[in-house]
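Colleague: I'm new to reading models like this one. Could you put it up so we can talk it through?

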Amino acid sequence: MTINSDTMRHLSEAQVSVELETEDMTLNIGPQHPSTHGVLRLVARIDGERAFDVQPVIGYMHRGYEKICEVRTYPQITTIINRIDWVSGYANEIPFIVAAEKLMEVEVPERAQYIRLILTEMARISSHLIFMASYPLELGAATPLFFALRERERVLDLLESVTGGRFHPNFNRIGGVKPAAGAGPTMKKTSQDLPANFLPETRSAMDRVMEVCDELEDLVAGNEIILARTRGVGVIPVEVAAAYGLSGPNLRASGVPFDLRKIEDYLPYDRFEFDVITGENGDCWDRWHCRLQEIRESGKIIQQAIDDIPSGDLLAKVPKLIKVPKGETYVRAENPKGEMGYYLVSDGKDGPYRLKIRSASFSNLSILPWVLEGVLVPDIIAIMGSLDFVLGDVDR
Amino acid sequence: MTSSPSETEAAVETEPQAHPLQEYADGVADAVGGTAEIQFDTIKVKVPNDAWVDAHVTARDQFDLVFFSWLSAIDWCNEVEVGDELSEEVEERFELLTTLGDLTEGKRVTFSTDLDAKTPVIPSLIEVFAGANWHEREAHEMFGIDFLGHPNLAHLYLPDGFLGNPLRKSFPLLTREVKPWPGKVDVEAMPEKPTTENPES
Amino acid sequence: MAMRVKPPPGLGLIKGLGVTLSTMLKTIFLPHKYLATVNYPKVKEVPVPRARGVIALDQEACTVCMLCARQCPDWCIYIEGHKEEIPPDEPGGRVKVRAKLDRFDIDYALCMYCGICVEVCPFDALFWSPAYEYSETHMGDMLHDMDRLQDWLEVVPGRESIEQGTYQG
Amino acid sequence: MIELLTDLFSNFWVSLAGKLALVALMIPLIGMALGFAEIKLSAKMQARVGPYFAGGRWGWAQLIADGIKFFQKEDIIPTAADRPVFKAAPMLVLVSTVALLVVIPFGPGLIFRDLSVGVFYALAVSSLSTIGILMAGWSSGNKYSLIGGLRAAGQLIAYELPLVLAVVGAVIMAGTMSMSGIVEAQIAAGFPYVIVQFVGFGIFLVAALAELTRIPFDMPIAESELVMGYLTEYSGFRFLFFFLAEFANMFTLSAIAATLFLGGYWLPGVPESVLEFAGPAILLGKVFLLAFVMIWFRWTFPRFREDQLQTLAWKWLVPLALANIAVTAVLKVVL
């Protein structure tokens with residue numbers, strides 16, 4: 001018996017048509033799941049290993065901050081907003097404080113601005129190091145976690161030595177930074193500066209962070225398995241990213257050199273040299289690599305800021321009972337996770353009339369249904385992790 | 001000030017001399033058929049209700065404002081259950097806000113439109129910016145604003161069956177209702193002597 | 001970044017193995033330098049002097065002005081007090097009126113550790129201490145009364161260490 | 001006295017009971033030793049202290065404490081579970097491990113049963129554990145478990161072939177399928193087979209990792225994706241069974257690799273007269289070396305994706321193993 005090519009094609013087609021009839025399965029990932037960073041829930045329809053129609057369900061950590069802020073005074077609000085994105089609590093305070101200062105037309109002393117800038121960059125490093133830690137873990141490698149967290153601990157210790165809080169510094173005041181950062185007998189009334197050896201220790205900590213970046217690059221970046229898992233996975237083109245409001249490293253990974261530190265003037269970033277890191281393809285690998293490079297850039301900024309930090313006051317002259325004049329403004333800042341902004345509406349009282357919190361992770365996460373369409377189940381985790389969200393930042 | 005008189009009026013109130021962004025703001029306002037106002041470096045373009053979607057299309061296509069930052073609302077309301085009352089009377093309304101940005105120069109424009117306080121309805125932006133999806137869901141549950149043409153206005157944050165719109169000023173904040181304020185307690189006065197050394201709160 | 005030389009396959013894997021192996025050897029043979037963690041209950045890390053661990057109260061300094069309770073964002077400070085007359089030191093002198101503290105409770109189950117109360121206190125009655133080991137098995141026990149808060153005064157760091165202030169751990 | 005003992009053990013049933021007791025003791029001991037090595041070494045690789053509390057120094061009793069804890073736990077079987085299968089699965093996994101011990105030569109003559117098809121038997125039995133995993137995944141009544149079980153099945157099919165083909169080279173060189181025969185052939189040849197069969201050894205190691213469902217091939221567990229895969233619903237002593245089986249399996253597969261490629265109980269330069277006593281120690285040393293490599297891999301590498309694993313198996317390992325066989329066969333005939 002001979003089989004010609006026609007018969008062959010016929011046979012293969014027949015095989016396709018009698019393919020097993022399969023049933024889709026609804027897989028509920030979360031709200032309690034090892035890699036949903038808290039309480040995100042994904043409802044996915046999966047066919048074998050392929051997922052379709054992934055719908056994120058959020059709100060398990062909604063704390064109603066926008067409502068709460070309406071009944072708080074301005075000094076009280078800083079304690080709340082650094083709990084929005086607790087991984088970089090310090091950086092959250094900046095745009096709000098700057099917005100209030102704008103309305104009050106307060107000039108912030110130079111030294112306070114530099115301290116803010118150094119601490120913001122340290123918050124960025126600690127946030128990115130968390131990503132460096134958790135992302136390989138989501139791909140199955142546990143060890144980078146400890147390398148990254150070890151250095152993060154160093155950075156957080158320094159942050160704590162200035163502000164008194166590791167995660168929730170509550171260090172910014174309208175008009176500058178907290179004048180009395182700790183307390184001790186007779187310390188109250190005196191102005192209290194950075195700890196004596198904070199700057200040299202920060203410098204050496206930054207050197208160590210650079211070393212660990214190299215270590216992480218050796219451990220993770222060259223790893224063929226990581227490359228196979230992340231290259232070309234979860235590609236987000238610029239247009240889609242912009243329409244969904246993706247910001248921060250996620251947007252830059254798609255190839256746009258858009259960094260609010262270069263554009264807005266909320267902190268004196270224009271005095272320092274640093275590169276805006278961009279990716280090439282907008283895939284998971286680029287998002288990982290962008291963040292690694294940004295740690296290095298932040299280290300550069302901190303070193304430069306330590307070099308020329310001026311001396312002077314920490315707090316401008318502001319009334320004891322803070323009342324913000326009537327007005328509206330939107331201030332956005334480049335947070336570790338992306339664009340963090342506050343639309344502050346004041347009507348002249350001691351608390352805001354309305355405070356819209358634009359958090360980066362909320363918009364970053366809203367792209368999930370688009371980017372997770374038709375990917376494999378392991379890639380759901382890989383893509384989700386690469387967006388680097390914090391559920392507190394999503395739910396607010 | 002090279003713009004038409006009606007726009008200048010709105011801008012002049014807060015800015016005595018021309019803001020460097022004024023020209024750009026007026027350009028955007030002219031193109032979308034609204035009025036521009038600059039407050040503290042924030043360009044706010046007020047557009048009429050029915051030009052809402054078109055304004056965003058124009059902003060996106062002509063002014064390259066492709067970055068959809070956020071969408072939210074403000075409840076302007078004279079009677080409040082929570083927080084302080086307004087210092088002066090306002091027209092009762094919802095103000096819907098979006099902020100768009102470009103990805104090159106860092107320009108950003110906040111668009112605003114007023115919605116009726118009783119029946120707030122507006123066409124959805126979801127066709128213009130896909131990212132408006134979640135923001136509109138949030139505004140829907142928080143303020144009760146209806147977005148026509150939105151495919152799924154289900155609750156985003158709140159549990160199913162939650163009644164009310166929490167960010168409306170008429171929605172009481174329960175945590176502040178159930179517990180008395182500890183600061184209300186005062187030092188017991190001396191008999192027949194009023195306390196005098198209480199600092200103002 | 002533009003021109004990347006393609007490394008031979010497997011090199012990345014071997015590099016990674018090198019990192020873990022060298023870490024292992026370093027940790028085993030030079031634990032003092034490379035070990036990142038400590039044996040917690042046996043060895044304790046020293047928190048920084050400025051750390052916001054627990055709030056101490058100096059009862060003598062408190063004038064029951066209620067500022068802290070009013071400024072607290074969480075409403076977790078409960079204060080009660082009364083006025084009392086202090087007889088004059090010498091006969092014929094003025095009778096002083098002083099506020100006496102009856103109750104000063106901080107509910108640490110509610111406290112957000114923001115430090116506003118410490119900041120607003122005009123009479124130096126509240127202090128931060130970096131002490132942290134006061135967890136309880138019952139939530140109600142997290143309410144520290146004024147005597148317990150007074151005890152924390154012993155672990156408040158001095159001015160010197162707060163100015164030096166970096167971590168020692 | 002000694003005669004009495006020898007007499008006693010020459011009785012089939014008594015010796016069988018003795019061997020069984022030995023195996024029953026060996027499994028938890030090996031499992032604990034390797035488990036402890038894993039937690040301690042992983043801690044050091046991550047600059048941590050690791051367990052240090054239980055048992056005083058170095059926390060040596062950590063796993064004993066863990067074992068006691070597992071036995072204290074409530075035995076939970078999900079309502080949706082297929083109860084008999086759910087209960088049988090951990091036992092099957094453990095049995096396959098125990099059965100593997102039978103054919104491993106610990107020294108000259110020190111073997112539970114010297115089968116003439118020892119290699120064949122070992123490879124056949126080792127895949128039993130995957131059946132157990134599939135059963136566990138299916139019977140748990142949990143979607144994550146089901147996906148994990150099916151992934152395990154896919155992995156079994158993909159990796160059984162390279163595993164077998166990798167061994168063929170060594171078998172061709174030795175000319176026998178008996179495990180002790182292969183060791184003796186290596187002694188006779190004067191070198192461990194890894195020197196010429198390094199390709200086979202590498203493939204065997206990779207395939208063994210996949211067989212063990214260890215990182216980088218731990219897709220059936222994949223805790224970041226599938227929570228705990230087929231283990232999700234297991235708790236208490238059933239989980240302990242899986243836990244022990246994992247480490248005991250690591251031991252047996254390392255022992256097979258050591259026997260086939262590294263000379264088993266023999267070390268070049270060690271006189272044959274002491275092998276009877278030194279043999280088990282030598283084998284254990286080699287096993288721990290291989291186990292260390294597995295632990296090292298686990299704490300360095302991330303996990304593959306299921307389709308990438310299949311690609312690796314079918315496109316790389318199988319052709320490579322076939323080429324290795326061909327070359328070995330040709331050389332065997334030519335030389």
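Modeller: Sure, let's start with a helix. Residues are numbered from 1 along each chain as its sequence is written, and chains are lettered from A, ligands numbered from 1, in the order in which they are written. This is a predicted model, where local features need pLDDT of at least 70, side-chain atom pairs count only at pLDDT 80 or more, and totals for chains, interfaces and linings use all residues.

Colleague: What should helix H1 of chain C span, at 1.5 Å a residue?

Modeller: Helices here are DSSP runs of H or I with at least four residues, strands are runs of E with at least two, and both are numbered from the N terminus. The expected span is 1.5 Å times one less than the number of residues. H1(C) has 19 residues, 11-29, and its end C-alpha atoms are 27 Å apart, which agrees with the expected 27 Å.

Colleague: Over what arc do the buried residues of H1(C) spread?

Modeller: Buried means 20 or more other C-beta atoms within 10 Å of a residue's own, exposed means 12 or fewer, and partly exposed is in between, with C-beta atoms placed from the backbone. In H1(C), the buried ones are Gly12(C), Gly16(C), Val19(C), Thr20(C), Thr23(C), Met24(C) and Thr27(C). They sit on the same side of H1(C), because the arc they cover, taken from the directions from the helix axis to the C-beta atoms, is only 125 degrees.

Colleague: Which helix gives the most to the largest nonpolar core?

Modeller: Such a core is a set of buried Ala, Val, Leu, Ile, Met, Phe, Trp, Tyr and Cys residues joined through C-beta atoms within 7 Å. The largest has 261 residues, and those touching the most other members are Ile380(A), Val45(B), Phe204(D), Ala207(D) and Ala257(D). With 17 residues, the top contributor is helix H11 (residues 236-261) of chain D.

Colleague: Is Thr213(D) buried or exposed?

Modeller: Thr213(D) lies in the loop between H9 and helix H10 (223-226) of chain D. Its phi is positive, about 50 degrees, although it is not a glycine. Most residues other than glycine have a negative phi. Thr213(D) has 25 C-beta neighbours inside 10 Å, so it counts as buried.

Colleague: Which element of chain D has the lowest mean pLDDT?

Modeller: pLDDT is the predictor's confidence in each residue, from 0 to 100. Chain D averages 82, and 98% of the residues score at least 70. Helix H9 (residues 198-211) of chain D has the highest mean, 86, while the lowest, 69, belongs to helix H1 (residues 2-10) of chain D.
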